[in-house]
Every structure is written in structure tokens, then in C-alpha cells.
Amino acid sequence: MIRPLLLSWSGGKDAAWALHVLRQRPDVEVVGLVTTLTEGYDRIAMQGIRHAILQAQSVACGLPVIEAWMPQRASNAIYRETFADALARARARWPGLRDIAFGDLFLQDIRAYRETLCADLDWTPHFPIFDATPGYTARLARAMLDGGLRARLSCVDTTQLDGAFSGRDFDDALLRDLPAGCDPCGENGEFHTLVHAGPMFAAPLSIATGETVLRDGRFAYTDFLLR
């Protein structure tokens with residue numbers, strides 16, 4: 001029996017690759033996406049991706065998106081309430097839906113948090129690209145690029161990586177230029193990405209690069225727009 005799945009969608013490479021991996025499995029079917037966005041900024045939380053690009057990604061991968069809107073600087077309690085509401089709306093749309101997938105890679109504390117949250121909300125979490133073995137993310141980054149995924153760095157934590165990396169392509173040159181100690185997939189929060197092409201999309205998105213700004217004295221965000 002095929003199990004329907006909801007996918008937590010950040011707009012970045014890991015969520016996109018998780019979708020690609022899940023679509024190769026015969027036992028599950030991704031029926032929709034769920035995304036957390038920030039009110040006022042009109043963007044995906046953390047990645048800083050514009051709402052219009054999220055909508056274009058949704059069309060490109062052929063899946064509807066359940067939008068969870070949060071106020072700026074929301075507390076964890078508000079996040080839980082907002083996420084719970086989004087999951088309730090997803091279940092109303094797809095009765096019997098109980099499973100949700102996340103694109104986490106190796107952070108055990110993040111996985112444990114999601115497992116606890118899902119248990120509280122009566123959902124079963126899945127982590128299709130999670131692997132804590134040494135060197136995994138270097139191999140994964142290579143697999144993503146070889147598989148045709150294309151992304152740009154939309155946010156850089158300047159306490160971990162030079163802000164000049166924001167806006168760059170996620171490509172071979174980037175992987176070579178990352179300093180020692182920086183995870184190749186940015187799993188420690190060094191950077192976040194915007195995926196604009198890959199095997200999970202019916203067609204690539206055409207994006208233009210906007211300005212880069214520093215937020216909270218720490219995060220270098222590069223704006224991207226649909227052409």
C-alpha cells in the first residue's frame with residue numbers, strides 16, 4: 001500500500017533533494033508541501049526566499065503548498081501553534097494523512113525535536129536523506145550536483161562563513177572554496193539555499209539576483225526575483 005506523505009519544504013536544496021529521493025520510492029507518494037513563512041517580510045523563514053518564488057517552485061514540482069505564516073521573531077510556542085495549524089489544514093485536505101518528511105541531514109538534536117513535535121501532533125516523521133556517518137554531506141553535495149540540482153546561496157551566517165559567499169552558486173567552485181570546518185551542505189547553519197532547477201522540477205526557474213543585505217548584524221541575505 002502506498003503511503004501519502006507531506007514534505008516540509010524550505011525552498012532549499014535539502015528539501016528538494018528529499019523530494020527527489022522520495023519520488024524514487026514505490027511505497028510513498030508526496031501529495032503536498034508545507035512551508036513556514038514570515039509575516040511582513042513575505043518570505044520563507046530562514047532561507048529568505050520570496051513568496052512568489054515559493055509559488056513558482058510549487059508549480060515546478062507539481063505539488064500544492066500549505067503555507068504556515070508566522071509573526072517576525074516568533075517564539076517556539078508560536079511556531080508550534082502555527083505548524084500545528086498547517087498540519088491540521090493538510091489533514092483536512094487529505095483525510096487520513098499521517099506522515100511528514102523532513103530534509104534534515106545529520107543533526108540529531110533537530111531530528112529529536114521534530115520527532116517529539118510530531119508525536120505530540122499525532123504525525124509520523126520521516127527523514128529520507130538523514131545519515132550521520134562521517135563524510136556523508138560531502139558525498140551528498142556531490143550527488144546533488146551530479147544529479148542536476150542547481151541552487152544559489154540565499155543566506156549566510158557571517159559568524160561561520162564570509163558574507164561574500166551569499167548569492168553564489170552551489171557548485172563545484174563553491175565546494176572547493178568553502179573553508180575547512182564548514183559543512184559542504186551548510187547543515188550547521190553556515191548557509192541556506194534557493195533551489196531553482198533539478199530533477200524534482202518539471203522546468204527550471206529563471207531567477208535574477210537582487211541586493212545582499214545584512215540582517216540582525218549577522219545574516220547576509222541575497223534577494224532573488226523571478227525574471
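Student: Why is α2 called largely enclosed by the rest of the structure?

Tutor: This is a predicted model. In it, eight of the eleven residues of α2 are buried, so the helix counts as largely enclosed. Among the buried ones are Ile53, Leu54, Ala56 and Cys61.

Student: What does α2 pack on?

Tutor: First, the sheet itself. It is open, with four strands in the order β8-β7-β10-β9 and antiparallel pairing. Its neighbouring strands are turned by 25° against each other on average, direction ignored. Helix α2, residues 51-61, packs on this sheet and touches β8, β9 and β10. The direction of α2 makes about 60° with that of β10.

Student: What makes β8 and β9 edge strands?

Tutor: Each has a single partner strand, so one side of each is left without a neighbour in the sheet.

Student: How do you know that β7 and β10 pair?

Tutor: Pairing needs at least two bridges. β7 and β10 have three, in the antiparallel sense. Therefore they count as paired. For Val156, the bridge partner in β10 is Ala220.

Student: Why is Cys61 called buried?

Tutor: Buried means under 20% relative accessible area. Cys61 has 4%, so the label fits.

Student: How do you know that Cys61 is in no disulfide?

Tutor: The two sulfur atoms must lie within 2.5 Å. For Cys61, the nearest cysteine sulfur is that of Cys185, 20 Å away. The cut-off is not met, so there is no disulfide at Cys61.

Student: What about Cys182: is it buried or exposed, and how far away is the nearest cysteine sulfur?

Tutor: Cys182 has a relative accessible area of 10%, so it is buried. The nearest cysteine sulfur, again that of Cys185, is 10 Å away, and Cys182 is in no disulfide. The structure holds zero disulfides.

Student: How many aromatic pairs does the structure hold?

Tutor: Five. One of them joins Phe170 and Phe191, at 6.4 Å centre to centre with 45° between the planes.

Student: Why is the pair of Phe170 and Phe191 called tilted?

Tutor: Ring centres must lie within 6.5 Å to pair, and 6.4 Å passes. Planes under 30 degrees apart count as stacked, and over 60 as edge-to-face. The angle here is 45°, so the pair is tilted.

Student: What makes it a link between distant parts of the chain?

Tutor: Phe170 is in the loop between β7 and α6, while Phe191 is in strand β8. The two are 21 residues apart. Phe170 counts as buried because its relative accessibility is 1%. Phe191 is buried too, at 2%.

Student: Which other pair is tilted?

Tutor: Phe219 and Tyr221 form a tilted pair, 6.5 Å centre to centre and 50° between the planes. Phe219 and Tyr221 are both buried.

Student: How do you know that a charge sits over the ring of Phe130?

Tutor: The distance limit is 6 Å from the ring centre. The charged end of Arg111 is 4.7 Å from the centre of the Phe130 ring, and sits over it. Phe130 also forms one aromatic cluster with Phe102 and Phe127. Elsewhere, Lys13 lies over the face of Phe170, at 5.4 Å from the ring centre.

Student: Which helix holds Lys13, and how many of its residues are buried?

Tutor: Lys13 is in α1 and is buried. Helix α1 is mostly covered, with nine of its ten residues buried. Trp17, Leu19 and His20 are among them.

Terms used. Residues are numbered from 1 along each chain as its sequence is written. This is a predicted model: local features need pLDDT of at least 70, side-chain atom pairs count only at pLDDT 80 or more; totals for chains, interfaces and linings use all residues. Side-chain values use heavy atoms; hydrogens and water are left out. Rings of Phe, Tyr and Trp (its six-membered ring) pair if their centres lie within 6.5 Å; planes under 30 degrees apart count as stacked, over 60 as edge-to-face and the rest as tilted. Buried means under 20% relative accessible area, exposed over 50%, partly exposed in between (1.4 Å probe, protein chains only). A charge sits over a ring if NZ of Lys or CZ of Arg is within 6 Å of the ring centre and within 35 degrees of the ring normal. Axes are lines fitted to C-alpha atoms, for helices over the stretch in contact, and angles run from 0 to 180 degrees between N-to-C directions. Contact means heavy atoms within 4.5 Å.
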